[in-house]
Amino acid sequence: MDLDVFVTAHRAEWDRLDHLLRRGGHLTGAEADELVALYQRTATHLSLVQSSAPEPALTARLTQLVARARAVVTGTRRSSWRDAVHFLTAGFPAAVYRSRHWWIPTAVLSTLVAALIGWWIGTHPEVQSAIGAPEELRRLTRPGGEYETYYSSHPAASFAAQVWTNNAQAAAMCLTLGAFLCLPVIWILFLNMLNLGVGIGLMSSAGRLDVFLGLVLPHGLLELTAVFVAAGTGLRLGWTVIDPGPLSRRTALAQQGRAALGMAIGLALVLFVSGLIEGFVTPSGLPTWARITIGIVAELGFLAYVYVLGGRAARAGDTGDVEEADRSAELPTAA
């Protein structure tokens, strides 16, 4: 494309669009229609310049024009409590539901890894001796040992806040680092499953696996599900870098990234609930069956939330992305 000829041919349209934008809301009906048409044509021109003959000064001018025109054409919208309600009842559960083909396999494989690590440690004394000295292991696994007192070592409220912060950071890392070709997410998952597997193996070798599961399951079901959802979403984001599908890599990443951002907010709320359970229920004097029942009810409630509300919203077309009016304009690729 001859850039000088292109600019000469279309400069008058850009100047006219700039003139109409400077007049603000004082436009006649015909001028408003003209502004919309010029906005669409200028967006096309910007796309052509970016793809065929990128020139910084011209690209900057057209980008500014398109942004200003889009603000006038689409208007501005303020977030309200209705946005929060929609996010909690449709956007977030729909995003989790739509990513189920990623986080469910992640959950199954991760659980298998933790179980295999636990079996390996529990049935191989030489592995246990490599983890720690016999006295250290007895201090961890004995009745009233560190595995049990961990959950009551701090006041419930501060412990719940600490747990929530740590888990929210792990989930956020899975969501944000997934773009690095999935590898950081896999490493974070492995470390989590390794810690769980070590606990399973050491406590099972001491004949106290039932005590360990009674401490982990009340909060762990919901907590691990949230981590698996975050990891699955991060892996999906990483795969988008490798294979963006029919969209451009930039557009596909923008869509997945916006959904991941919303997912981070929603999962922070889920982890807050699991943190409350870990802080107040796990170390409580309730019978083991009662504590585990609370954990199962919380987990089933979250799954029902995802599959009922999320499934309905996803079938209605909700993707968990922001509203169309709040997205960046998709530039046409043909004149």
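1. A salt bridge here is a side-chain nitrogen of Lys or Arg within 4 Å of a carboxyl oxygen of Asp or Glu. Arg 22 and Asp 18 fit that description, with N and O 2.8 Å apart. The model is predicted, and a search of the whole structure returns eight salt bridges.

2. Take the Arg 22 and Asp 18 pair further. Both residues sit in helix 1 (residues 3-22). They are four residues apart, so about one helical turn separates them. Their surroundings deserve a look. Arg 22 has 65% relative accessibility and therefore counts as exposed. Asp 18 has a relative accessible area of 17%, under the 20% cut-off, so Asp 18 is buried.

3. Asp 18 has a second partner. The carboxylate of Asp 18 also forms a salt bridge with Arg 68, and the closest N and O atoms are again 2.8 Å apart. This pair links distant parts of the chain: Asp 18 belongs to helix 1, Arg 68 to helix 3 (residues 56-74), and their positions lie 50 residues apart. Arg 68 is partly exposed, at 28% relative accessible area.

4. Another salt bridge joins the side chains of Glu 146 and Arg 139, at 3.3 Å from N to O. Glu 146 is partly exposed, with 40% relative accessibility. Arg 139 is partly exposed too, at 35%. Shared partners join Asp 18, Arg 22 and Arg 68 into one network of salt bridges.

5. On the overall fold: the chain holds 13 helices and zero strands. Read from the N terminus, every element is therefore α. Of the 335 residues, 40% count as buried. Among contacts with a separation of 6 or more, 77% are between residues 24 or more positions apart.

6. Does the length of helix 4 come out as expected or not, and what is its span? Helix 4 covers residues 81-98, 18 residues in total. At 1.5 Å a residue it should span 26 Å. The end C-alpha atoms are 24 Å apart, which agrees. Helix 4 nevertheless bends by about 50° at Phe 87.

7. Which residues of helix 4 are buried? They are Ala 90, Gly 91, Phe 92, Pro 93, Ala 94, Ala 95, Val 96 and Tyr 97. The cover over these buried residues includes helix 5 (100-122), helix 11 (209-242), helix 12 (249-281) and helix 13 (288-315).

8. On annotation: an unreviewed UniProt entry places the feature "transmembrane region" at residues 102-121, 170-191, 211-238, 259-277 and 289-308. Two of these spans can be set against the model. Residues 211-238 are 100% helix and 0% strand, and their end C-alpha atoms lie 38 Å apart. Residues 259-277 are likewise 100% helix and 0% strand, with end C-alpha atoms 27 Å apart.

9. Ser 274 lies in helix 12. Its relative accessible area is 0%, so Ser 274 is buried. What does Ser 274 contact, leaving aside neighbours within four places in sequence? The contacts are His 219, Leu 222 and Glu 223.

10. Gln 128 is in helix 6 (residues 125-131). At 14% relative accessibility, Gln 128 counts as buried. Not counting residues up to four places away in sequence, Gln 128 touches Ile 121, Gly 122, Thr 123, Leu 137, Leu 202 and Ser 205. The C-alpha atom of Gln 128 is 8.5 Å from that of Gly 201, a residue 73 positions away along the chain.

11. On cysteines: a disulfide is a covalent bond between the sulfur atoms of two cysteines. The structure holds zero disulfides. Cys 174 is buried, at 0% relative accessibility. Cys 182 also counts as buried, at 10%.

Key. Residues numbered from 1 in each chain as written. Predicted model: local features only at pLDDT ≥ 70, side-chain atom pairs only at ≥ 80, totals over all residues. Heavy atoms only, no water. Helix = DSSP H or I, 4+ residues; strand = E, 2+ residues; numbered from the N terminus. Expected span 1.5 Å × (residues − 1). Bend = angle between axes of the 7 residues up to and from the residue. Buried < 20%, exposed > 50% of the residue type's maximum accessible area, 1.4 Å probe, protein only. Contact = heavy atoms within 4.5 Å. UniProt positions renumbered as here; feature names shortened; annotations may be inferred. Disulfide = S-S within 2.5 Å.
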